[in-house]
Amino acid sequence: MVIIADGIKLDFDDVLIRPKRSTLTSRSRVDIRKEYHYLHVPVKELVVPIVAANMDTVGTMEMSDSLHDYGMQTCLHKFYEVDDLVDYFTFHPRRNTFYTLGIKEEEVDKLLEVDDQLPDIEEEGLGIHKICIDVANGYQKVFVDHVKRIREMFPESVIMAGNVCTPEMVSELLISGGADIVKIGIGPGSVCTTRMVTGCGYPQLSAIIECADAAHGLNGHICADGGCRTSGDVVKAFAAGADFVMLGSMFAGTEECEGKWEYEGENKSLKFYGMSSEDAMDAHNGGVGNYRTSEGKSMFVDYKGPVSNIVQQITGGLRSACAYVGARNLKDFPKCATFVRVGRVHY
Ligand code: 5GP
């Protein structure tokens, strides 16, 4: 029998946040930093929970340097050379950078090689404090085993793993995999074609609401990954319960990006592509393997200036949203926010 899971599932565009009476005097007083304690490691930190995606255009060392100034984090892309990574983690002793790897054995070897070459980890701030284990489909048992293995190798690092979009897999990755943060999003990304190519996916707002509930019940965290096109979408992701929000296209085209810029007179634009697009596979895997199809696309994004411009938009939007619902800080925001369902948001 064919089963259809009933009940409407929603995306960012299907809702708005209802304004509420508030005693806040100024949005500038709203604190958008949040304190985090992690499930498997005794780390306590205060961050602005926005994360740059580990895409080769966006997850750059320059991005990490700039976002650090705003208390935000970056998942480095996984195509840096060992020497560059050793240099970076040695000379930037701070906690806002995730080392990213996938599921391949050679990626584990590279992580161990970088870690081996770092100076003594006891030194203040040095070392790989955060690891992002990223695959397109986090539903395979081998993935959970892989996360568990990295957890055993790095018992003191914060581990983010994904992507999945349903609560049972969030619990599995937190409990059996030993992840601290589970990355949520199958199909919502700006340059993702998974929904079109495979028919699989889940509306992102509902995925966040359902997965946050599962994670928070276990003292774990989720990172909403993909589908935010405006600061309003970032706001909705936090209102839905996301602990962190990961951004690709919103940061694409900023000064800190790497990649191919095209010039037209005074203007320039960046070729921004999905990590499983033909462009990415040409760049990193010598083309699309014949057992798979691409699940990503490419587009050009206009130059946006330094990432600080985008940071300001996002933090401004977040502060203002907190003021609209009477939340003094980001921690209180989901408790204060009420969604209203709309047909589709028209801006
Ligand atoms: P954005 O913020 O641009 O909407 O989404 C960024 C996210 O899209 C990334 O963090 C990643 O999870 C996802 N993504 C990036 N490239 C691809 C791709 O080629 N295919 C799919 N399915 N997802 C992608």
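This report walks through a predicted model, from its ligand site to its strands, helices and backbone.

## The ligand site

The ligand has 20 residues around it. Ser190, Thr194, Asp225, Ser276 and Glu295 come nearest. By class, this shell holds 12 polar residues, six nonpolar ones and two charged ones.

Look at the oxygen atoms of the ligand. One lies 2.5 Å from an N or O atom in the side chain of Asp225. Backbone atoms take part as well. A polar backbone atom of Ser249 is 2.8 Å from a ligand oxygen. For Gly227, a polar backbone atom is 2.9 Å from a ligand oxygen. How much of the ligand does the protein bury? Taken alone, the ligand exposes 520 Å², and the protein buries 89% of that.

## A hairpin of two strands

Strand 2 covers residues 34–37, and strand 3 covers residues 44–47. The two run antiparallel, with four bridges joining them. A hairpin of six residues links strand 2 to strand 3. Which residue in strand 3 is the bridge partner of Lys34? The partner is Val47.

Strand 3 has two faces. Glu45 and Val47 lie on the covered face. Lys44 and Leu46 lie on the uncovered one. Val47 thus appears twice: on the covered face of strand 3, and as the bridge partner of Lys34.

## Helix 1 and its neighbours

Helix 1 spans residues 61–68. Its buried residues are Met61, Met63, Ser64, Ser66 and Leu67. An α-helix has 3.6 residues a turn, so residues three or four places apart point the same way.

What do the buried residues of helix 1 pack against? Their partners include two helices: helix 2 (82–91) and helix 10 (307–325). They also pack against strand 4 (50–52), strand 5 (73–75) and strand 6 (97–101).

## Val114, a buried residue

Val114 sits in helix 3, residues 105–117. Is Val114 buried or exposed? Val114 is buried, because its relative accessible area is 0%. Leaving out residues up to four places away in sequence, Val114 touches Val82, Leu85, Val86, Tyr99 and Ile128.

Now compare positions along the chain. Asp14 and Val114 are 100 residues apart in sequence. Their C-alpha atoms are separated by 44 Å.

## Asp11, before strand 1

Asp11 is in the segment before strand 1 (15–17). Its relative accessibility is 18%, so Asp11 counts as buried; the cut-off is under 20%. The side chain of Asp11 reaches the backbone nitrogen of Gln204, at 3.2 Å.

## Two backbone oddities

Most residues other than glycine have a negative phi, and most peptide bonds are trans. Two places in this model go the other way.

The peptide bond between Gly162 and Asn163 is cis, with an omega of about 15°. Asn163 belongs to strand 8, residues 158–164.

Where is Asn219? Asn219 is in the loop between helix 7 (204–217) and strand 10 (221–225). Its phi is positive, near 65°, in a residue other than glycine. Asn219 counts as exposed, because its relative accessible area is 58% and the cut-off is over 50%.

Technical notes
Residues numbered from 1 in each chain as written. Predicted model: local features only at pLDDT ≥ 70, side-chain atom pairs only at ≥ 80, totals over all residues. Heavy atoms only, no water. Buried < 20%, exposed > 50% of the residue type's maximum accessible area, 1.4 Å probe, protein only. Near = heavy atom within 4 Å. Polar contact = N/O pair within 3.5 Å; in protein donor to acceptor, adjacent residues only side chain to side chain. Areas by Shrake-Rupley, 256 points an atom, 1.4 Å probe, with all protein chains shown as cover. Nonpolar A, V, L, I, M, F, W, Y, C, P; charged D, E, K, R; others polar. Pairing = 2+ DSSP bridges. Contact = heavy atoms within 4.5 Å.
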